[in-house]
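Subject: Structure for you to look at

Hello,

Here is the structure I promised. Please open it and keep it beside this email as you read.

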Amino acid sequence: MLSVIIVNWNTRDLLDACLRSIRQYPPRTNYEVIVVDNASHDGSADMVRERHPWVYLLAETRNHGYAAGNNLGFAVARGDTLLTLNPDTEFEDDSLNLALDIFMRETDYSAMGIRQVGIDGETQRSVRGFPNLLAIAAAVLSLDRWIPSLDTYLLRRFDYTQSQSCPQPMATFTLFRRSALAEIGDPRAPFDADFPIFFNDADLLYRLDQAGHRCWYAAEPWVRHHGGAGTRQVRRSMIWESHHSLIRFWRKHPGTCPHPLALYGAIPAVWFAALIRARGYHAGFRV
């Protein structure tokens with residue numbers, strides 16, 4: 001059985017289109033769709049009730065964030081295969097079934113992403129490496145543009161036309177095997193809520209990778225992705241939250257820093273970057 005888990009916050013019309021596309025191109029296997037609505041104030045929950053009564057709706061009274069919201073969906077999911085899907089995505093052909101066929105065939109892989117296409121038809125850069133400190137520094141300084149061996153985070157040279165093993169597809173569309181999630185923790189709550197919005201997918205896939213579970217990228221199936229519909233509503237707080245979460249990631253996974261002293265040197269630089277990008281201080285995400 002496939003469980004599709006969608007965490008939504010104030011993207012009613014996009015969510016409506018996403019759900020309609022699933023009904024138009026449904027999986028051939030048994031499936032369920034779980035929508036976790038994080039206390040939207042745009043009528044998202046009412047829309048799901050009225051237009052999509054076949055959906056399992058969790059209408060929350062507060063915004064739990066993306067990670068904890070996903071965990072609420074995973075807690076009630078019944079499938080052995082689980083899909084995290086953003087509400088600002090749409091299927092326009094049978095790619096969901098194609099993705100499932102590939103995932104069932106690639107049994108050596110425990111997670112899988114697919115090609116994401118923007119509204120103008122461009123293939124989005126949706127695969128990244130793990131955010132170790134040196135890789136982030138190389139990306140910020142643009143050294144990865146000129147030295148291929150340093151291109152380990154943004155993966156500027158990743159070929160999206162070729163199916164291949166990959167470190168970390170964004171959770172916009174990621175398939176997981178429940179059996180693999182059970183090996184690294186509770187499959188009913190696989191995401192770390194200490195990463196409420198950003199780097200939760202990087203953290204989960206890093207833990208899977210460290211346990212020997214690899215991830216596959218499939219180039220043939222694709223999904224339309226509008227991109228950033230939720231986070232752009234609160235841009236300044238999201239900038240600060242992304243920088244908060246990057247530091248949390250380094251602290252949680254010491255192996256991603258070359259030396260403890262390097263982390264203490266990097267933290268002020270990260271805070272300064274957040275201050276410049278957001279044009280001022282913001283506390284970030286708060287439940």
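Below is what I found, element by element.

First, a caution: this is a predicted model.

**Helix H1.** Start with H1, residues 12–24. It has 13 residues. At 1.5 Å a residue, they should span 18 Å. The end C-alpha atoms are 18 Å apart, so the expected span and the model agree. Which residues of H1 are buried? They are Leu15, Asp16, Ala17, Cys18, Leu19, Ser21 and Ile22. These buried residues pack against several elements. Three are strands S1 (2–8), S2 (31–37) and S4 (81–85). Strand S5 (89–90) and helix H2 (44–51) are also among them.

**Gly113.** Next, go to strand S6, residues 109–117. Gly113 sits in this strand. Is Gly113 buried or exposed? Its relative accessible area is 1%, and buried means under 20%, so Gly113 is buried. What does Gly113 touch, leaving aside its neighbours within four places in sequence? It is in contact with Pro169, Phe173, Trp216, Tyr217 and Ala218. Also look at Asn86: Gly113 and Asn86 are 27 residues apart in sequence. In space they are 13 Å apart, C-alpha to C-alpha.

**Val140 and the surface patch.** Last, find helix H5, residues 133–140. Val140 lies in H5. Its relative accessible area is 65%, and exposed means over 50%, so Val140 is exposed. Val140 also helps make a nonpolar surface patch of about 640 Å². Leu141, Leu143, Trp146, Ile147 and Leu150 make the patch with Val140.

Best wishes

Key: Residues are numbered from 1 along each chain as its sequence is written. This is a predicted model: local features need pLDDT of at least 70, side-chain atom pairs count only at pLDDT 80 or more; totals for chains, interfaces and linings use all residues. Side-chain values use heavy atoms; hydrogens and water are left out. Patches are made of residues with over 30% relative accessible area and no salt bridge: like charges are joined within 9 Å, nonpolar side chains (Val, Leu, Ile, Met, Phe, Trp, Tyr) within 5 Å. Accessible areas come from the Shrake-Rupley method with a 1.4 Å probe; for residues, only the protein chains shown count as cover. A salt bridge is a side-chain nitrogen of Lys or Arg within 4 Å of a carboxyl oxygen of Asp or Glu. Helices (H or I, at least four residues) and strands (E, at least two) are DSSP runs, numbered from the N terminus. Buried means under 20% relative accessible area, exposed over 50%, partly exposed in between (1.4 Å probe, protein chains only). The expected span of a helix is 1.5 Å times one less than its number of residues. Contact means heavy atoms within 4.5 Å.
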